[in-house]
Amino acid sequence: MRDTLEFFRQFRQRFETTGAVAPSSRFLASAMTRHLRHRPNRPVRVLEVGPGTGAVTNHIVRLLRDGDRFDLVELNESFAGILNRRFSNDPAWQSVASQSKVHVCPIQEFKPDGPYDFIISGLPFNNFPCALVEDILGTCLTMLHPDGILSMFEYMYVRPVRGFVGKRAERERIRKIESILQTAFQKHRVRRDWVFVNIPPAWVQHLKHPAAE
Ligand SMILES: C[S@@+](CC[C@H](N)C(=O)[O-])C[C@H]1O[C@@H](n2cnc3c(N)ncnc32)[C@H](O)[C@@H]1O
């Protein structure tokens, strides 16, 4: 409950980057970790982008095994503090703390030390400038191992609605983001999950590496 209140406080203070009123539901977190649940029987590298207070992280840590690597990239220092506290205090998180690292920086500045088998992103793309969406999406896809999967969520029907209301520049920005994302979905999508039990309901888009066509 304390983390949910902090999430809401950050939503009010930093709407552009927080992008949601509440952390993801366990149903959304479960869909986001679908591919990690069916992981190969070897050590894997996992990257979570925009973990917030750890709603999805809490599912990821339970799927990690010895030898795996888990990087979390979160630009909000307050959220990073919550995550680091959980790695110190929560037993399920403590068990993978030595193989996990919270990087406090924007994903566009993160320098990975190798490709990832699973990238799980909670970024609020609809709030970003178009060039940043293109940049981050391209970066995440190229950070994937050739067999890797990028899973990202988006709230249902937000862009079709926001593309028709508000100021002209804002409508154009949203329509351009829709075009960038739909192009990527058509080229790289392997699956879409519908999650109705979440505030608001969401889709999870699962994309493969560009070279895996
Ligand atoms: C919609 S919240 C999702 C939080 C969490 N994954 C969940 O599902 O409850 C978006 C998160 O992305 C973070 N974020 C936004 N822009 C970012 C960026 N460029 N790099 C890293 N994190 C970012 C925000 O601080 C916030 O924690």
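**Helix α10, the core and the ligand shell**

Mentor: This is a predicted model, and a good place to start is helix α10, residues 168-188: with 21 residues at 1.5 Å a residue it should span 30 Å, and its end C-alpha atoms are 30 Å apart, which agrees.

Trainee: Okay, and which residues of α10 are buried?

Mentor: The buried residues of α10 are Arg-173, Ile-174, Ile-177, Ala-184 and His-188. Because they cover an arc of only 95 degrees around the axis, they sit on the same side of α10.

Trainee: What covers the buried residues of α10?

Mentor: The cover includes two helices, α8 (130-142) and α9 (158-162), together with the strands β6 (189-195) and β7 (202-208).

Trainee: And which exposed residues are on the face turned away from the buried side?

Mentor: That face of α10 carries Arg-168, Glu-172, Ser-179, Gln-182, Thr-183, Gln-186 and Lys-187.

Trainee: Switching topic, how many residues are in the largest nonpolar core?

Mentor: It has 46 residues, and Met-32, Val-46, Ile-60, Phe-118 and Ile-119 are those with the most contacts inside it. Strand β5 (residues 144-155) gives the largest share of this core, five residues.

Trainee: What is Ile-119 in contact with, leaving aside its neighbours within four places in sequence?

Mentor: Ile-119 is then in contact with Leu-47, Val-49, Cys-140, Met-143, Leu-144, Gly-148 and Leu-150.

Trainee: Last one, which residues come nearest to the ligand?

Mentor: There are 23 residues around the ligand, and of these Pro-23, Ser-24, Gly-50, Gly-52 and Gly-122 come nearest. Sorted by class, the shell around the ligand has 13 nonpolar residues, nine polar and one charged.

Methods
Residues numbered from 1 in each chain as written. Predicted model: local features only at pLDDT ≥ 70, side-chain atom pairs only at ≥ 80, totals over all residues. Near = placed C-beta within 6 Å. Nonpolar A, V, L, I, M, F, W, Y, C, P; charged D, E, K, R; others polar. Helix = DSSP H or I, 4+ residues; strand = E, 2+ residues; numbered from the N terminus. Expected span 1.5 Å × (residues − 1). Buried ≥ 20, exposed ≤ 12 C-beta atoms within 10 Å, placed from the backbone. Arc of directions from axis to C-beta. Contact = placed C-beta atoms within 7 Å. Core = buried A, V, L, I, M, F, W, Y, C linked by C-beta atoms within 7 Å.
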